[in-house]
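Please read the points below with the structure open beside you, and check each one by finding the residues it names. They are written for someone meeting a model of this kind for the first time.

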Amino acid sequence: MKTPKRINMTKNLLPASILLVLTLLLTISFTIPVEYSAKCCSNALYGEFGNLEGTVTDQKTGDPIPSASLLLYQTSCLIASGHSDTDGTFLLSGIPTGSYLLEVTKPGYKQLKKKVILTSGNSTKQNITLQRVHQPEAQEDSVTEQKSYAMMMEMGGGKKDSRVSRMGGSIGLYPNDDCQSAVDFNTESYDLIRENGFKKVLDNPLSTFSIDVDRASYSNIRRFLNNHTLPYKDAIRIEEMVNYFDYDYPQPENGDPFSVTLEMGECFWNRNHQLVMIGIQGKAMKGSEIPPANLVFLVDVSGSMDEPNKLPLLKQSFKILVNNLRPVDKVAMVVYAGAAGCVLESTPGDHKEKIMMSLDNLKAGGSTAGGAGIRLAYQIARQNYISGGNNRVILATDGDFNIGASSDAEMTRLIEEKRNEGVFLSVLGFGMGNYKDSKMEQISNAGNGNYAYIDNILEAKKVFGEELWGTLFTIAKDVKIQVEFNPEKVKAYRLIGYENRMLKKEDFNNDRKDAGDIGSGHTVTALYEVIPSDSEESVPNVDPLEYQQADITGGKNLLTLKLRYKEPADTVSKLITHRVTATQITRKSLSENLKFASAVAAFGMVLRDSEFKGDAAFDNILPLALKSVGSDKFGYRREFVQMVETAGLLTR
């Protein structure tokens with residue numbers, strides 16, 4: 001029998017090791033572009049910003065092209081989007097400097113793609129000319145366009161003409177009758193909002209509500225408008241629109257966690273009324289003053305998240321947060337689909353590569369057991385609890401919990417229980433088409449947290465970059481406001497917005513009643529529309545009482561403002577009281593704060609087709625907003641001006 005040949009393992013080890021190294025190098029070489037794609041906007045964290053502006057015109061006639069869609073990409077990241085105005089001009093502002101791909105589309109024209117480079121401190125000019133397609137090609141394109149619009153309507157967007165469909169009390173725009181069936185696939189849900197009406201001061205002298213620092217409604221409205229469609233009526237929460245912006249309020253003094261500013265001026269949509277603005281400025285704290293954070297990322301990786309504006313955008317958003325974490329902070333990660341699991345144990349904030357790798361490995365698939373995921377996330381948060389620290393679960397999802405313990409009431413009770421144990425909840429919403437705004441707002445309110453909608457990477461930069469510690473660190477909780485109006489000065493009043501934040505008057509002194517929280521550096525703004533006491537305008541009232549009479553003590557004051565709040569670790573509230581006269585808070589000319597806030601509030605009322613909108617219209621909101629843009633460091637107010645223009649065009 002032939003002796004088997006002995007294999008020299010030492011001799012063969014070297015080629016095998018070389019092969020392994022080559023394989024690793026090859027893997028790395030193919031991984032780098034993917035990594036760059038995920039970090040394509042990393043220069044947004046610390047870099048400088050520029051603007052992209054220009055005009056879109058017809059190549060043959062030179063005529064301006066309105067409503068052309070502009071999408072700005074960096075590798076696979078959608079960085080910003082917008083459209084051209086009636087004169088063909090466009091402006092994309094606050095864009096991180098760098099190289100981008102600009103994609104311009106308009107039905108009836110050939111799509112144009114071109115590379116652009118943005119430099120800091122300047123506006124980069126890009127004049128675009130689009131070529132009309134020939135009639136046969138246009139007919140062929142219309143079929144593709146029709147399918148495209150049907151898909152867009154599945155995702156909650158799209159507009160081809162201005163016919164309006166009433167669907168479940170919400171307004172939606174659909175392309176034509178053939179595509180109307182596509183609307184049925186849109187399962188977005190919003191709670192019904194019944195606007196606050198005027199209340200007679202003699203019958204209802206007290207107005208009590210919880211503050212609200214959520215901003216989700218505004219960025220969601222922006223998503224609708226950028227998709228060339230009007231938002232659903234109940235997607236419009238005016239207080240969240242107003243509070244999306246910062247205002248120039250003074251920093252607090254005397255150890256208080258926030259300052260209070262009041263101002264009164266003429267209401268531009270009803271010249272016989274006045275507007276009273278209440279502004280709260282939270283104390284801005286430096287990163288070194290913020291206690292250590294114990295965070296748990298709770299990430300929805302169900303099948304519904306497998307879209308570019310969901311899980312991929314989610315991962316990019318969390319990477320912005322990770323890049324801003326300190327060594328004293330720590331992060332764990334829980335995912336949930338058909339089941340829930342921990343994919344990253346609690347990890348120090350300076351181990352960024354490990355955290356990033358866990359994010360990169362996330363993939364979408366399966367159904368959504370949101371209840372199981374939330375329970376596991378809270379369990380891990382408690383295991384790593386930091387006494388005196390910032391203990392928080394950050395839920396990122398489209399809100400489409402569809403199996404398991406998913407009833408809103410059960411979820412809310414669980415979150416309230418954990419809130420009382422010192423673990424708060426913040427919610428990030430992503431995507432469209434099956435977006436569950438109503439559920440996410442409810443659970444974030446229960447969790448002493450905030451709620452943001454991330455429609456693009458720049459919104460993520462705002463939430464986790466510019467406003468990071470305001471988003472993550474609470475300086476005062478259960479903040480309530482109660483206003484008492486003097487009937488000798490005010491006949492009736494109406495709180496604009498805050499419909500789902502209203503409290504009973506008895507709730508103000510009840511420390512067991514939950515209310516909103518304010519983060520480091522956050523501002524909160526509330527607007528009252530008031531009818532002066534000498535007005536002959538009729539207001540809703542009740543029959544006179546038979547067994548008691550109201551005594552009017554009167555006096556010179558216009559109103560008394562009371563605020564209650566708790567320190568983050570306290571269970572007993574503190575009281576702040578301000579009594580003011582009309583003279584004290586009335587200026588000869590409106591401040592930039594009140595001008596801009598009233599423009600935003602009016603915009604919300606017009607979008608909602610509010611019975612209280614009076615003379616407000618896109619045409620008079622626009623100049624008021626333009627006059628009050630101010631310094632606008634990040635371009636958010638200029639973007640608002642564009643949104644007003646967009647909405648005006650969509651309603652013509």
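The numbered points below go from the chain as a whole to its cavities, its cores and a few single residues.

1. Please keep in mind from the start that this is a predicted model. The secondary structure of its chain comes to 16 helices and 26 strands, and of the 652 residues in the chain, 54% are buried. When contacts with a separation of 6 or more are considered, 76% of them join residues that are 24 or more positions apart.

2. Rolling a probe the size of a water molecule over the atoms shows where empty space is left. A search of the whole structure finds eight cavities of 30 Å³ or more, and the largest of them has a volume of about 380 Å³. This largest cavity is lined by 28 residues, of which Ala 80, Ser 81, Ser 93, Arg 222 and Glu 639 are the closest to its centre.

3. Which elements each supply at least two residues of the lining of the largest cavity? They are two strands, S3 (77–83) and S4 (89–96), together with three helices, H4 (216–226), H11 (457–466) and H16 (636–650). Sorted by class, the lining of this cavity holds 11 nonpolar, 10 polar and seven charged residues.

4. The second largest cavity contains about 130 Å³ of space. It has 15 lining residues, and those closest to its centre are Arg 215, Tyr 451, Ala 452, Val 463 and Thr 471. Strand S19 (424–429), strand S20 (451–453) and H11 each give two or more residues to this lining, with H11 giving the most, namely three residues. By class, the lining of the second largest cavity divides into seven nonpolar, three polar and five charged residues.

5. In soluble globular proteins, nonpolar side chains tend to be buried together. Here the largest nonpolar core has 92 residues, and the members that touch the most others are Phe 258, Phe 297, Val 299, Phe 318, Leu 321, Leu 428 and Tyr 528. Helix H6 (residues 311–323) gives the most to this core, with seven residues. If its neighbours within four places in sequence are left aside, Phe 297 is in contact with Phe 318, Leu 321, Val 322, Val 331, Ala 332, Met 333, Val 334 and Ile 394. There is also a second, separate core of 49 residues, which includes Phe 198, Leu 607, Leu 622 and Leu 650.

6. Helix H14 (592–608) deserves a check of its length against its number of residues. At 1.5 Å a residue, the 17 residues of H14 should span 24 Å, and its end C-alpha atoms are indeed 24 Å apart, which agrees. Of these 17 residues 15 are buried, so H14 is largely enclosed by the rest of the structure.

7. What follows H14 along the chain? The helix is followed by Asp 609, whose phi is positive, near 55°, although Asp 609 is not a glycine. Asp 609 is found in the loop between H14 and helix H15 (618–627). With a relative accessible area of 48%, Asp 609 counts as partly exposed, because the term exposed is kept for values over 50%.

8. Ser 67 also has a positive phi, of about 60°, although it is not a glycine. Ser 67 is found in the loop between strand S1 (49–58) and strand S2 (69–74), and at 28% relative accessibility it counts as partly exposed.

9. Is helix H10 (residues 437–446) largely enclosed by the rest of the structure or largely exposed? Nine of its 10 residues are buried, so H10 is largely enclosed. The buried residues of H10 include Asp 437, Lys 439 and Glu 441, as well as Met 440 and Ile 443. H10 is followed by Asn 448, whose phi is positive, near 55°.

10. Asn 448 also appears among the contacts of Thr 474, a residue in strand S21 (residues 474–485). Thr 474 is buried, with a relative accessible area of 8%. Not counting residues up to four places away in sequence, Thr 474 touches Arg 392, Phe 424, Asn 448, Asp 517, Ile 518, Gly 519 and Pro 568. Thr 474 and Asn 448 are 26 residues apart along the chain, and their C-alpha atoms are separated by 8.7 Å.

How values were computed:
Residues numbered from 1 in each chain as written. Predicted model: local features only at pLDDT ≥ 70, side-chain atom pairs only at ≥ 80, totals over all residues. Heavy atoms only, no water. 1 Å grid on protein atoms, 1.4 Å probe; cavity = no way out; pocket = protein on both sides within 12 Å on 5 of 7 lines; lining within 4 Å. Points joined across faces, edges and corners; volume = space filled by probe spheres on them. Helix = DSSP H or I, 4+ residues; strand = E, 2+ residues; numbered from the N terminus. Nonpolar A, V, L, I, M, F, W, Y, C, P; charged D, E, K, R; others polar. Core = buried A, V, L, I, M, F, W, Y, C linked by side-chain atoms within 4.5 Å. Buried < 20%, exposed > 50% of the residue type's maximum accessible area, 1.4 Å probe, protein only. Contact = heavy atoms within 4.5 Å. Expected span 1.5 Å × (residues − 1).
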